[in-house]
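This report concerns a bound ligand and the helices beside it. The sequence and the structure are shown first.

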Amino acid sequence: MAKAKTTFFCQNCGSQYAKWLGQCTSCKEWNTIVEEIIQKEEKRNWKQNSTKKTNSKALNISEISINKEDRISTKNNEFNRVLGGGLVKGSMLLLGGEPGIGKSTLLLQIALTIPKKVLYVSGEESQSQIKMRAERLQSLHTNCLILTETNTQNIFRAIEEVQPEVVVIDSIQTLYTEYIEASPGSISQIRETTAELIKFAKETATPVLLIGHITKDGNIAGPKILEHMVDVVLQFEGDRNHTYRILRANKNRFGSTAELGIYEMLNVGLREVENPSEILISQKEDDLSGTAIAATLEGVRPLMIEVQALVSTAVYGTPQRSATGYDTKRLNMLLAVLEKRAGFRLGAKDVFLNIAGGIKVDDPAIDLAVIVSILSSNEDMAIPQDYCFAAEIGLAGEIRPVNRIEQRILEAEKLGFHKIFISKFNKISKNRSAIKIVKVAKVEDIFTNLFS
Ligand code: TYD
Ligand code: MG
């Protein structure tokens with residue numbers, strides 16, 4: 001009997017080595033290289049390969065006809081939005097997220113509502129567990145078949161029998177193929193089973209939705225090449241202590257990656273949140289100092305986000321600076337700007353910053369709301385609740401314009417804000433009457449406008 005061939009793989013990035021090493025030379029992680037059994041490979045040169053019969057033929061680019069990709073609408077508007085209009089036939093989608101965030105719930109919910117025949121394959125839960133969950137979601141759909149299986153050959157057998165139009169796999173880390181001896185969840189199994197599923201998806205034009213676990217640093221467990229192999233990579237994230245969940249596309253071969261889906265985890269499953277701005281602004285009766293509302297954009301979607309700051313006298317020699325949902329380095333920069341350009345002595349103060357709703361924001365338009373909330377807390381003067389802010393702050397204390405200002409103003413107007421503060425340099429074509437637009441050029445201007 002031939003000796004089983006083994007190779008060493010880095011469990012973090014998927015690099016292959018001939019011998020064991022303590023540190024992966026490509027991703028620099030320690031102790032991630034593991035020996036895996038792979039199948040004996042026959043040595044072939046490319047000419048021998050080319051004798052194989054094939055249906056594919058090279059075409060001149062001018063001869064290729066474009067057929068618009070066929071999409072299946074999932075009845076879940078947030079999901080459709082993130083995908084760019086629905087599931088593309090024959091596409092391979094990978095959904096990653098922390099344990100317990102709601103990946104299985106989301107895909108089961110989609111499987112139960114999509115108007116197609118679905119095969120939901122689970123290697124993690126039993127059929128009755130899934131049935132119980134489906135009952136909780138209050139949607140029992142007769143066109144959804146549940147299979148508990150982890151062997152891909154058996155899965156393909158079931159697929160042949162059932163002829164589903166959509167396949168869901170929960171999760172890729174539980175699958176194994178008979179052709180490889182490594183254990184489920186190992187790099188070579190993940191790579192091989194994904195390759196088999198991709199082949200199936202492309203040949204039969206059936207969309208396949210995969211669930212993938214993530215490692216503690218937030219990457220999808222398994223080789224990085226897994227993300228290269230699939231067409232769409234979605235990330236399901238959120239704070240376990242909050243009920244809101246955000247679905248983003250990290251990669252999308254058929255649409256933009258800028259779109260965002262927002263859900264709320266209820267005891268009857270995930271609810272689509274159509275108007276996210278409402279939930280991100282905390283309801284309160286009185287005006288409180290230290291809060292300001294930013295008109296931000298996540299992708300192409302406007303989001304009104306509440307920024308809260310607390311400024312207090314520092315007890316220790318070095319003042320504390322802490323921020324949740326916002327970059328601490330950027331906070332320090334804004335504090336330095338306030339100190340230098342506007343003469344606020346914040347060096348002896350602790351500053352805490354929080355973005356409501358457990359959301360992380362990258363949009364620089366939030367800067368103005370950040371400094372306004374800090375000033376508001378420092379002066380102990382509340383900002384009226386119907387004011388909002390959208391501008392970036394420069395190092396010279398200048399208030400800089402942000403993109404798509406019209407869209408932000410429109411959203412603020414729609415939600416009943418009466419005043420929006422923007423940069424003087426933002427050009428606006430139309431003059432609106434319902435919302436007052438205040439243009440500011442420097443940090444000093446905003447201070448005189450609000451606090452004196
Ligand atoms: P699950 O989909 O199993 O997470 P994942 O597959 O990402 O590991 O979600 C599990 C969590 O969701 C669990 O803590 C219970 C909660 N949940 C609800 O709050 N409401 C529901 O209707 C369901 C089905 C789950
Ligand atoms: Mg799960």
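Two axes whose angle falls between 65 and 115 degrees count as roughly perpendicular. In this predicted model, the axes of α3 and α4 cross at roughly 75° and come within 10 Å. The helices α3 and α4 are therefore roughly perpendicular to each other. On the side of α3, the contact is made by Ser-104, Thr-105, Leu-108 and Leu-112, and on the side of α4 by Ile-130, Arg-133 and Ala-134. Sorted by class, this contact of α3 with α4 has 4 nonpolar, 2 polar and 1 charged residues.

Both helices also take part in the surroundings of ligand 1. Around ligand 1 there are 16 residues, of which Gly-100, Ser-104, Thr-105, Leu-266 and Gly-269 come nearest. By class, this shell has 6 nonpolar, 6 polar and 4 charged residues.

Which atoms of the protein lie at polar-contact distance from ligand 1? The table lists three such pairs.

| Protein atom | Ligand 1 atom | Distance |
|---|---|---|
| Backbone N or O atom of Ile-101 | Oxygen | 3.4 Å |
| Polar side-chain atom of Thr-105 | Oxygen | 2.6 Å |
| Backbone N or O atom of Leu-266 | Nitrogen | 2.7 Å |

On its own, ligand 1 has 550 Å² of accessible area, and the protein covers 75% of that area. Two or more residues of the shell come from each of α3 (103-113), α4 (127-136) and β13 (260-266). The most is given by α3, with 3 residues. Thr-105 thus appears twice in this account: in the contact between α3 and α4, and in a pair with an oxygen atom of ligand 1.

Notes. Residues numbered from 1 in each chain as written. Chains lettered and ligands numbered in written order. Predicted model: local features only at pLDDT ≥ 70, side-chain atom pairs only at ≥ 80, totals over all residues. Heavy atoms only, no water. Near = heavy atom within 4 Å. Polar contact = N/O pair within 3.5 Å; in protein donor to acceptor, adjacent residues only side chain to side chain. Areas by Shrake-Rupley, 256 points an atom, 1.4 Å probe, with all protein chains shown as cover. Helix = DSSP H or I, 4+ residues; strand = E, 2+ residues; numbered from the N terminus. Nonpolar A, V, L, I, M, F, W, Y, C, P; charged D, E, K, R; others polar. Axes fitted to C-alpha atoms, helices over the stretch in contact; angles between N-to-C directions. Parallel < 35°, antiparallel > 145°, perpendicular 65-115°, else oblique. Contact = heavy atoms within 4.5 Å.
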